[in-house]
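Trainee: I have a new structure on my screen and would like to talk it through with you. Could you take my questions one at a time?

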Amino acid sequence: MAEINLSKYGISGTTEIVHNPSYEMLFEEETKPELEGFEKGQVSELGAVNVMTGIYTGRSPKDKFIVMDENSKDTVWWTSDEYKNDNHPASEETWKAVKDIALNELSNKKLFVVDAFCGANEDTRMSIRFIMEVAWQAHFIRNMFIMPTEEELEKFEPDFVVYNASKAKVENYKELGLNSETAVVFNITSREQVIINTWYGGEMKKGMFSMMNYYLPLKGIASMHCSANTDMNGENTAIFFGLSGTGKTTLSTDPKRLLIGDDEHGWDDEGIFNFEGGCYAKVINLDKESEPDIYNAIKRDALLENVTLDAEGKIDFNDKSVTENTRVSYPINHIEKIVRPVSAAPAAKEVIFLSADAFGVLPPVSILTPEQTQYYFLSGFTAKLAGTERGITEPTPTFSACFGQAFLELHPTKYAEELVKRMEKSGAKAYLVNTGWNGTGKRISIRDTRGIIDAILNGDILKASTKKIPYFNFDVPTELPGVDTNILDPRNTYADASEWETKAKDLAQRFVKNFAKYEGNEAGKALVPAGPQL
Ligand SMILES: Nc1ncnc2c1ncn2[C@@H]1O[C@H](COP(=O)(O)OP(=O)(O)O)[C@@H](O)[C@H]1O
Ligand SMILES: C=C(OP(=O)(O)O)C(=O)O
Ligand SMILES: [Mn+2]
């Protein structure tokens, strides 16, 4: 591997560089007895090391900033009073200041450097250099990103650099116009990211996802917050959009199908391709029997985050005392049924929108028309689930455009445009699947949701007789093999159907209100009839 010199990045006095460490080396580094605090890993009974990430156990969107400069000012979808989002502008002075904090933190230290790809397609992938001082963070990168071959490492030229200074703080954040001592700042022009004062692993992967979300649509490629799998012949591909915790990872990990990836994908002329090299599964209440593939992926080389272990390393997956957002990252080859060697497959035929409806109004599955597809994609109605973002402690209804608003760097209509273009070409059909609640007050069971997904993927749903759900005009099946018939019409899950009526009207109104922001142009206005009608 080529020697690297970090002084060109402004990092000086480096005492040692651990460059592209093997799993063996990472294990040794992250379990060194002299490590303290959040740097310290503990070996669990399953062989995977567990780490704690401190105060930040989920993403911190309020601390996300992008440098506003000549280049980004007219392309980035900035937050505004009319439409608030998580793309907060930072000045070039603020960028200099936070970068200095990071460089200062990373100077005169032993460092870990990992070179990795984001994007399975060689033509459009990003080559990223991650620089950090914490061993397990290097492990996380190795698990989650695509690892170059020896040959690719020889000629690796980063086109993006990430400085992870999780131990530093932005003391003068007020002066700099930042939100707190924590900052996740992107510079789209210099192609760099700085992370300060958060140790949450997901911040690194979702950061690069945000950058793919910026660069790819501008090249005419769809960039999507979805999981993806295909049939055993690698022919019939499905994608599952959904905000954090709605079931992308759980439902795409299916023993009957080959996994492409669990969270971030592109859709180009060749089809669907993964951005990542690994998966990042939630493990709260993980049950060996109901999710055997994820359970079995937790072994040596997997990395647990914020899971409760006793002194002997025995795991308590049910403990929520640290966070509900307990996680495991693992390289995708920890799942047996995957597309190999490259995580890619032909254009999707089924597009599934996972929505965790906390109101209990949406049917567990609705068959969408092309107009409804656009309307519900732009609306992105779902709930933010406990622990996934800082400050979220219970399911909180939200409209998250494209089911991933926190990661969109361009206007939502750009993502809708790219998706529709690809769907029309492949003749894909879309479905809205509620993985949240119904009138029983309980979350729809994984068993029923899996039955619904099976029926979508094997075509049973198109053979089923259907009925219309009022206000939303959804077409829903009246019966599906392997699914509790009583839940298919959500009204039947209420002791009194009028209760559903009241909630449905309220939700319909929320949709109408939310969609107003898209009605400024003809294309947006034209979609209104596809939305709920009161
Ligand atoms: N009906 C359901 N469908 C999918 N997941 C469910 C359902 N009910 C409960 N869950 C739980 O919700 C969580 C979904 O998380 P995950 O699949 O990691 O979501 P994502 O990948 O979209 O962030 C898991 O902990 C899963 O056990
Ligand atoms: C890592 C994340 O992704 P997801 O929960 O969608 O898997 C996250 O949102 O922090
Ligand atoms: Mn996931």
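Trainee: Which residues does Y200 touch, not counting residues up to four places away in sequence?

Mentor: Good place to begin, with a word on conventions: this is a predicted model, where local features need pLDDT of at least 70, side-chain atom pairs count only at pLDDT 80 or more, and totals for chains, interfaces and linings use all residues. Residues are numbered from 1 along each chain as its sequence is written, while chains are lettered from A and ligands numbered from 1 in the order in which they are written. Two residues are in contact if their C-beta atoms, placed from the backbone, lie within 7 Å. By that rule, Y200 touches T53, Y56, T57, G58 and R59.

Trainee: Is Y200 buried or exposed?

Mentor: A residue is buried if 20 or more other C-beta atoms, placed from the backbone, lie within 10 Å of its own, exposed if 12 or fewer, and partly exposed in between. Y200 is found in the loop between β10 (192–196) and α5 (202–215); helices (H or I, at least four residues) and strands (E, at least two) are DSSP runs, numbered from the N terminus. Y200 has 26 C-beta neighbours inside 10 Å, so it counts as buried.

Trainee: Which residues does UniProt list for "binding site"?

Mentor: The record is an unreviewed entry, and its annotations may be inferred rather than shown by experiment; positions are given in the numbering used here, with feature names shortened. The residues listed there are R59, Y200, K206 and R327. They span 269 residues in sequence, yet no two of their C-alpha atoms are more than 14.3 Å apart, so they gather at one spot. The listed names, once more, are R59, Y200, K206 and R327.

Trainee: In which strand is the place of R327?

Mentor: R327 is buried, with 25 other C-beta atoms within 10 Å. Leaving aside neighbours within four places in sequence, R327 is in contact with Y280, A281, K282, V283, E305 and N306. Its strand is β21 (residues 327–331).

Trainee: Which strands stand at the edges of the open sheet of five strands?

Mentor: The order is β2-β3-β18-β21-β17, with mixed pairing. Each edge strand has a single partner strand, so one side of each is left without a neighbour in the sheet: they are β2 (42–43) and β17.

Trainee: How many bridges join β17 to β21?

Mentor: Two strands pair if DSSP finds at least two bridges between them. Here β17 and β21 run antiparallel, and C279 has Y330 as its bridge partner in β21. The number of bridges joining the two strands is five.

Trainee: Which residues surround ligand 2?

Mentor: A residue is near a molecule if its C-beta atom, placed from the backbone, lies within 6 Å of it. α5 and α6 each supply at least two residues of this shell. Ligand 2 is surrounded by R59, G202, K206, S244, G245, K248, T249, D263, Y280 and T388.

Trainee: Why does ligand 1 lie between two domains, and which are they?

Mentor: Of the 19 residues around ligand 1, G247, K248, T249, T250 and T449 come nearest, and the largest share of the shell, four residues, comes from α6. Domain bounds come from an automatic or database domain assignment. Both domains give residues to the shell, so ligand 1 lies between domain 2 (222–268 + 346–529) and domain 3 (279–334).
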